[in-house]
Amino acid sequence: MNLQGTIMSSSSPLYSAPLSRPHLRQVGKSLPRPAIYAAPRDANGSIIFAEPPPPPTIEGQRQYRKERLAVSFRLFARYGYDMGGAGHITARDPEYPDHFWVNPAGVYFGHIRVSDLILVSHDGKVVEGDGLLNRAAFAIHSELHKARPDVIAAAHSHGLYGKAFAAQGRLLDPLTQDSCAFYQDHAIFSDFSGVVLDSSEGERIAATLGRRKAVILQNHGLLTVGASVESAVWRYIAFENAAQAQLLSEAAGPTKPIPHEVALHTASQIGSDAGGWFSFQPLWDVITREEPDLFD
C-alpha cells in the first residue's frame, strides 16, 4: 500500500483539521523520545507528576521559554487560532521580569521561529529583535505581567468557539470533566470598547482576572495565564475546547451541569499549573518532531 503523500493522523480536539502531520517528519532521522520521559523521578525511578526544575543558567531559562513560546504559536496555527494578525502569547524574561517575549505582528503563527520572537520592555520598546510590536499585545499583556508577578506566560487569540461563547457574556458551566478546570476560576470582562490600545484597559482586564487563571473578554475572545508557558497555552486550548463543548451541548438540548462540590473537587484534580504542563508535553512532541525549523 502506497502511503506517500497521504496524511495519516488523529483529528484535532477542536477542529476537523489534523493536529499531527506525520508526513512532515524528515525521513531517515531518528525521533526524540517523548518529552514526558524527562520529567522528575522519585527514588525508585518512577516519573513524578511535576514540572522539571528550570535550567541552571539565565541563558538556559530564556532559551527554554522561547522554544516553548515558538512551539505554542505553531500549535495555535494548527488549531486554527490564527485570525489574521489577532492573537498573542507572551513569556516573561527570566532576567528582566518587567520585560516579556512576544510574537512579531504580521508573521503567520505557523512560521514563527525562536529567532523571530521580540523582547519588549515595560514601556513598550522592542529591545531585542527587529519585528513589529502589536500594540494591543503590549496594552493587555504588560498590565497582566505587572499585576501578576506569579504569571510567567499569558495567551490570547480570537479562536472561533471562544469568541462565539464570549459574545454571550456569561461564565462557562461545569458541563464536563475538562471544563471543571475553570470552575470558579475564571471571570468576565464585559467592558468591550474596540481594539485594546490603551494600557488603562489592560489594567481593567488585569483587575477583572484577579488571581484567576482565565478571563472571558466579552465580544472579543479568551485569555489565559499560567506559571509556565506550557500551562498558559494548554489552558487556552482547554478553554476553547470547553467553550466549544458547551455550545454544542446546548445546541443539542438541555444540559446537566456537574454539582458544585463535584466540580470543585474535579477542578482541584485537573486545574493546576502542573496539570497544564503535563498536558502540553504530547503537543510539544508533535510540533518538535514535525517542524524542527522552529528552533532556528
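In which sense do strand β6 and strand β7 pair, and over how many bridges? In this predicted model, strand β6, which covers residues 186-189, and strand β7, which covers residues 214-217, pair in the parallel sense, and the pairing extends over four bridges. Within this pair of strands, F189 stands opposite L217 in β7. Helix α4, made up of residues 199-209, joins with β6 and β7 in a β-α-β unit, and this unit is right-handed.

The search for enclosed space leads back to some of these residues. Rolling a probe the size of a water molecule over the atoms shows where empty space is left. When the whole structure is searched, one cavity of 30 Å³ or more is found, and the space in the largest cavity amounts to about 40 Å³. Its lining includes F189 and L217, the two residues that stand opposite each other in the strand pair, and it is completed by D191, F192, V196, E201, I205, Q218 and H220. When the residues of this lining are divided by class, five are nonpolar, two are polar and two are charged.

Open pockets were examined as well. The largest pocket holds about 290 Å³ of space. It is lined by 19 residues, of which D178, W234, A238, I270 and S279 are the closest to its centre. Three helices, α5 (229-252), α6 (260-270) and α7 (273-290), each supply at least two residues of this lining, and the largest share, five residues, comes from α5. Sorted by class, the lining of the largest pocket comprises nine nonpolar, seven polar and three charged residues.

The second largest pocket has a volume of about 210 Å³. Of the 13 residues that line this pocket, E51, P54, Y64, R65 and S228 are the closest to its centre. Two or more residues of the lining are given by each of α1 (58-79) and α5, and α1 gives the most, with three residues. By class, the lining of the second largest pocket consists of eight nonpolar, two polar and three charged residues. Helix α5 therefore appears in the description of both pockets, since this helix supplies at least two residues to the lining of the largest pocket and gives two or more to that of the second largest pocket.

Technical notes
Residues numbered from 1 in each chain as written. Predicted model: local features only at pLDDT ≥ 70, side-chain atom pairs only at ≥ 80, totals over all residues. Heavy atoms only, no water. 1 Å grid on protein atoms, 1.4 Å probe; cavity = no way out; pocket = protein on both sides within 12 Å on 5 of 7 lines; lining within 4 Å. Points joined across faces, edges and corners; volume = space filled by probe spheres on them. Nonpolar A, V, L, I, M, F, W, Y, C, P; charged D, E, K, R; others polar. Pairing = 2+ DSSP bridges. Right-handed = clockwise from strand over helix to strand, strands pointing away.
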